[in-house]
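Biologist: I am new to this structure and would like to learn how to read a few of its features. Could you take me through them one at a time?

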Amino acid sequence: MLAFACTVVVFLGVQATASLSWAESDGSTGYQRLEGHGGPIKGVAISPDGQQMLTASFDYSVGLWSASTGKLIRWLEGHEAAVNAVAFLPGGRALSVGDDFDMIMWDLESGAVLHRFEGHEGKLIGVTPGPDATIAATAGWDGNVGIWPLDGGAARFLKGHGANVNDVVFTPDGAKLYTASYDGTIRRWDTVSGAEEVVLVNHGFGINHLVLNSDAGWLAYGALDGAVRAIDLATGAQIADLTADRRPILALSADPTGRFLAVGDGEGYVMILDTADWSVVRDFRAALSGPIWALAWEPSGKRLLAGGIADEAALWPIDADGDALFAKGPREFHKPPSEMTNGERQFVRKCSVCHTTSPDGGRKAGPTLWRLFGRRAGTVEGYSYSDALARSDIVWSDETVARLFSEGPDVFTPGSKMPVQRIAKAQDRRDLIHYLKENTGGTDRAGHEGRSKTK
Ligand code: HEC
């Protein structure tokens with residue numbers, strides 16, 4: 001499986017470079033992939049000077065990359081679950097938020113965690129620094145908007161949305177905040193008093209993203225039902241409706257001039273709108289299948305960084321022909337489900353996004369399952385386990401793996417950072433275990449069994 005995936009990537013890489021006459025050789029203006037994450041990319045950001053990029057991934061880590069070379073500078077490790085959004089701060093710092101309910105402030109030079117901001121009671125899906133970067137706002141699935149003094153002072157929570165909050169944006173002076181939620185509304189708040197001032201939009205379907213252009217006097221939003229609309233800030237009246245037949249809208253980003261809007265959707269397309277007349281100026285497919293979750297523009301406005309279901313982000317020159325690039329060859333990871341046994345299907349669908357079965361753990365969120373059977377829990381070298389697994393006495397066997405998924409990780413390994421999931425049918429569990437036994441290199445007799453634990 002792994003060998004197969006690698007072959008395809010190498011092949012595609014070579015072919016893409018050879019066939020893209022528009023890709024300039026210095027790499028700083030052409031198409032570029034950011035490779036290395038072990039899971040889908042949920043959030044992206046580009047520094048204001050255009051030198052660095054950040055990616056937030058399902059693999060629990062944040063990547064810091066050079067924009068000119070596309071090479072990884074370092075991994076930022078500290079979240080205990082998927083990371084959903086990232087933002088640069090002045091002074092070589094950044095913010096990220098994740099499924100662990102926390103916001104982390106990073107020192108980019110060293111990769112150190114400068115501060116962990118705790119207090120939300122649900123996962124965090126959006127983060128926006130205030131204009132002077134003394135505060136930041138977070139969008140939480142506990143239904144709250146967090147306002148955090150970045151010097152570590154006490155947070156304030158704005159409560160009012162009846163459901164998951166998906167996005168927050170500040171006005172340029174920082175005095176007001178617009179928020180979007182699954183409750184279908186966009187609300188405006190006073191940043192200082194925390195008072196809710198107005199429900200600006202009541203869309204009916206959940207709203208995922210906002211872009212504010214105060215100078216031009218509009219607010220654009222993208223929603224679950226595929227709606228892409230702009231409203232007049234003063235009156236709330238709709239001024240444009242760019243809704244296409246693709247849904248949901250999962251990413252929305254304005255170019256540095258504020259004139260062009262990039263829209264990413266659940267079907268893998270990126271549409272670029274000229275807000276001068278609200279026309280569609282580009283529409284290309286940036287992922288063969290699956291969603292585009294994250295978009296960010298280079299300050300030059302020439303390339304767009306996109307993240308989605310693939311384990312890599314890509315910088316797209318926006319005047320290049322995206323469709324042509326992807327027509328070169330699909331990047332297929334899995335064979336059709338009809339050609340798989342039930343056990344393989346279970347693994348591919350329920351485990352492979354976070355685990356490999358090969359000696360190389362592949363930088364996934366979870367440790368490799370290579371030589372799982374007979375191995376003591378929490379003993380893969382170099383993997384950073386939760387204390388719960390590191391201290392566990394479980395030895396993985398047919399019985400313990402079955403219990404992990406009949407009872408669920410929350411019951412069988414309480415405190416584990418593996419997300420709660422159960423496999424209800426005994427036959428599915430048996431088939432999965434059979435598949436794992438056949439594909440993880442056999443029992444680890446010489447390896448970890450009986451080895452004394454270091455914790
Ligand atoms: C969303 C990511 C995710 C998914 C999906 C997932 N796991 Fe995990 N898994 C993890 C993480 C993270 C850990 C490490 C947990 C810890 O340190 O507490 C883990 C740990 C494990 C362990 C313990 C390994 C060890 O070295 O002790 C086993 C076994 C395991 N997973 C099996 C599975 C199987 C089988 C599936 C599919 C049915 C699955 N996991 C799905 C993230 C995931």
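Modeller: What follows is a walk through a sheet, some backbone angles and some salt bridges, and please keep in mind throughout that this is a predicted model.

Biologist: Let us begin with the sheet; in what order do the four strands of the open sheet stand?

Modeller: The order is β18-β19-β20-β21, and the pairing is antiparallel. At the edges stand β18 (207–213) and β21 (238–241), each having a single partner strand, so one side of each is left without a neighbour in the sheet. From one strand to the next, the twist averages 20°.

Biologist: How many bridges join β20 to β21?

Modeller: Strand β20, residues 228–232, is joined to β21 by three bridges, and the two run antiparallel. To follow one pairing by eye, start at A230, whose bridge partner in β21 is A240.

Biologist: Now the backbone; what do most residues and most peptide bonds look like?

Modeller: The general idea is that most residues other than glycine have a negative phi, and that most peptide bonds are trans. With that in mind, look at the peptide bond from R247 to P248, which is cis, with omega near -15°. P248 belongs to the loop between β21 and β22 (249–254).

Biologist: And what is the sign of phi at F101, and where is that residue found?

Modeller: F101 is not a glycine, yet its phi is positive, at about 75°. This residue is found in the loop between β7 (93–98) and β8 (103–107), and F101 is partly exposed, with a relative accessible area of 34%. Phi is also positive at R363, a residue other than glycine, where the value is near 55°. R363 sits in the loop between α3 (342–350) and α4 (387–390), and with a relative accessible area of 25%, R363 is partly exposed.

Biologist: Let us turn to charged side chains; how many salt bridges does the count come to?

Modeller: In general, side chains of opposite charge can pair when their charged atoms come close. Here the count comes to 22 salt bridges. One of them is formed by the side chains of K123 and D99, at 3.8 Å from N to O. K123 lies in the loop between β9 (113–117) and β10 (124–129), while D99 lies in the loop between β7 and β8, so this pair ties together parts that are 24 residues apart in sequence.

Biologist: Are K123 and D99 buried, exposed or partly exposed?

Modeller: K123 counts as partly exposed, at 26% relative accessibility, and D99 counts as partly exposed at 25%. For the next pair you need the cut-off, which is that buried means under 20% relative accessible area. D183 and R187 meet through their side chains in a salt bridge of 3.2 Å, N to O; D183 is partly exposed, with a relative accessible area of 22%, whereas R187, at 12%, counts as buried.

Biologist: Which residue forms a salt bridge with D311, and how far apart in the chain are the two?

Modeller: The partner of D311 is K364, and their closest N and O atoms are 3.8 Å apart. This pair links distant parts of the chain, with D311 in the loop between β27 (303–308) and β28 (312–317) and K364 in the loop between α3 and α4, 53 residues apart. K364 counts as buried, at 18% relative accessibility.

Biologist: Which residues are linked in a network of salt bridges?

Modeller: The network of salt bridges links K176, R188, D190 and E197.

Notes
Residues numbered from 1 in each chain as written. Predicted model: local features only at pLDDT ≥ 70, side-chain atom pairs only at ≥ 80, totals over all residues. Heavy atoms only, no water. Pairing = 2+ DSSP bridges. Axes fitted to C-alpha atoms, helices over the stretch in contact; angles between N-to-C directions. Buried < 20%, exposed > 50% of the residue type's maximum accessible area, 1.4 Å probe, protein only. Salt bridge = Lys/Arg side-chain N within 4 Å of Asp/Glu carboxyl O.
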